[in-house]
Every structure is written in C-alpha cells, then in structure tokens.
Amino acid sequence: MTQQSPMTADREDWVEIASASDLAGARPVIPVDLDGQRMVLFRDEEGRLGLIGRHCPHRGADLCFGRREDNGLRCPFHGWHFDHTGQCTEQPAEPLDSTMYQTIRLPSFTVVEHAGRIHAYVGSGTAPAFPASADT
Ligand code: FES
C-alpha cells in the first residue's frame, strides 16, 4: 500500500491529494494523510469518492484494509460499514432495531476529481466551488 502525501496544505483551500490513476485497478482504496489526519480515500461502486477517517471508531481497525462493498467500506474487524461521507450505515452485531449507527460518523473531507487529479477541501464550513482556474 502506497502512502499518499498531499502538497502543502493551506487552510481554507483545495489541496491535491492523489491522481485519479492512484485509484485505478480492482481495489480503489488508498491511505492519505491530510491536515494532520490519517484518512482513507476510496471510490465506491457508483464512482463516488470518499475521503474518510482511516481508523474505525469501534476498535480502531485500519479501514484501508476494509472490504469495499455496498457503496462503502466495511471494517475488516467487526463489519461496521461506512459510506463515502463517513456515515456509519450498519453495525452487524447490533440488534436489528438498533439505530445507534445513525449517531456514528467518521471525519471526512469534501473531495473533487478534476482533470485526472483528486483534490480535498481543507477548511471550515461548506466547501466552495472548485476554482475554474484549476483548468490551467
Ligand atoms: S473495529 Fe471496526 S467494527 Fe470493530
């Protein structure tokens, strides 16, 4: 597994974190360190990108080794499932009527794919539109 290093992360800015080719192949899941946080970048089955916290909030398992399924990543340890926004969507060992999963969310960054590169927004609040000047 290759560790990805973003370019210098200025606050309140879009930061290039990977090339689209880094997610080519059968398993589009890679580790990314961004703004001091260990994250995992992946592409779900519908093509959406997710940049979510790398360590499962249950027991800390590394989600880079998670199973990519059901439009998200499933923790390799006990099977908690997270979508591309970092929202937990399933806790297999909980009772069927449990809604605890709805309260569990991993940290995440907004990501955009543009001209073969993947950028994450580092800043507070809602990410602004990706700059048109990035076309050049
Ligand atoms: S460590 Fe991830 S589900 Fe238990």
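**Strand pairing and core of an all-strand model**

Ala-115 is found in the loop between strand 10 and strand 11, in a model that is predicted. The phi angle of Ala-115 is near 50°, a positive value in a residue other than glycine, and the hairpin to which Ala-115 belongs leaves two residues between its strands. With 9 other C-beta atoms within 10 Å, Ala-115 is exposed, given that a residue with 12 or fewer such neighbours falls in that class.

The two arms of this hairpin, strand 10 (residues 111–114) and strand 11 (residues 117–122), run antiparallel and are joined by four bridges. Within this pairing, Val-111 has Ala-120 of strand 11 as its bridge partner, while Glu-113 stands opposite Ile-118, also in strand 11. Strand 11 is further joined to strand 1 by six bridges, again in the antiparallel sense. Here Asp-13 stands opposite Val-122 in strand 11, and the bridge partner of Ala-18 is Ile-118. Ile-118 of strand 11 is thus placed opposite Glu-113 and is also bridged to Ala-18.

These pairings make up an open sheet of three strands, with antiparallel pairing and the order 1-11-10. The edges of this sheet are formed by strand 1 (13–19) and strand 10, each of which pairs on one side only. From one strand to the next, the twist averages 30°.

A further open sheet has four strands, in the order 2-3-4-9, and its pairing is likewise antiparallel. Strand 2 and strand 9 (108–109) stand at its edges with a single partner strand each, so that one side of each is left without a neighbour in the sheet. Between strand 3 and strand 4, the antiparallel pairing extends over five bridges, and in this register Arg-43 stands opposite Leu-49 in strand 4. In general, the strands of a sheet pair through backbone hydrogen bonds, in either a parallel or an antiparallel arrangement.

At the level of the protein as a whole, the model contains zero helices and 11 strands, and the order of elements from the N terminus on is accordingly β-β-β-β-β-β-β-β-β-β-β. The radius of gyration is 15 Å, close to the 14 Å that the globule rule gives for 136 residues, so the protein is as compact as a globular protein of that length. The C-alpha trace spans about 50 × 35 × 25 Å along its principal axes. Of the 136 residues, 28% count as buried. Among the contacts with a separation of 6 or more, 41% are accounted for by residues 24 or more positions apart.

The largest nonpolar core comprises 26 residues, and those with the most contacts inside it are Val-32, Val-40, Leu-41 and Leu-51. Two or more residues are given to this core by each of strand 1, strand 2 (29–34), strand 3 (37–43), strand 4 (49–53) and strand 11. The contribution of strand 3, at four residues, is the most that any element gives to this core. In soluble globular proteins, nonpolar side chains tend to be buried together.

Phe-109 lies in strand 9, which is one of the edge strands of the four-stranded sheet. Phe-109 has 24 C-beta neighbours inside 10 Å and therefore counts as buried, the threshold for that class being 20 or more. When neighbours within four places in sequence are left aside, Phe-109 is in contact with Leu-34, Leu-51, Ala-120, Tyr-121 and Val-122. Of these partners, Ala-120 is 11 residues from Phe-109 along the chain, and the C-alpha atoms of the two are separated by 6.1 Å. Ala-120 is also the bridge partner of Val-111, and Leu-51 is among the residues with the most contacts inside the largest nonpolar core.

A positive phi is also found at Asp-70, a residue other than glycine, where the value is near 50°. Asp-70 has its place in the loop between strand 5 (67–69) and strand 6 (72–74). With 13 other C-beta atoms within 10 Å, Asp-70 is partly exposed, whereas Ala-115, with 9 such atoms, is exposed.

Definitions and conventions:
Residues numbered from 1 in each chain as written. Predicted model: local features only at pLDDT ≥ 70, side-chain atom pairs only at ≥ 80, totals over all residues. Pairing = 2+ DSSP bridges. Axes fitted to C-alpha atoms, helices over the stretch in contact; angles between N-to-C directions. Core = buried A, V, L, I, M, F, W, Y, C linked by C-beta atoms within 7 Å. Rg over C-alpha atoms; globule rule 2.2 N^0.38 Å. Contact = placed C-beta atoms within 7 Å.
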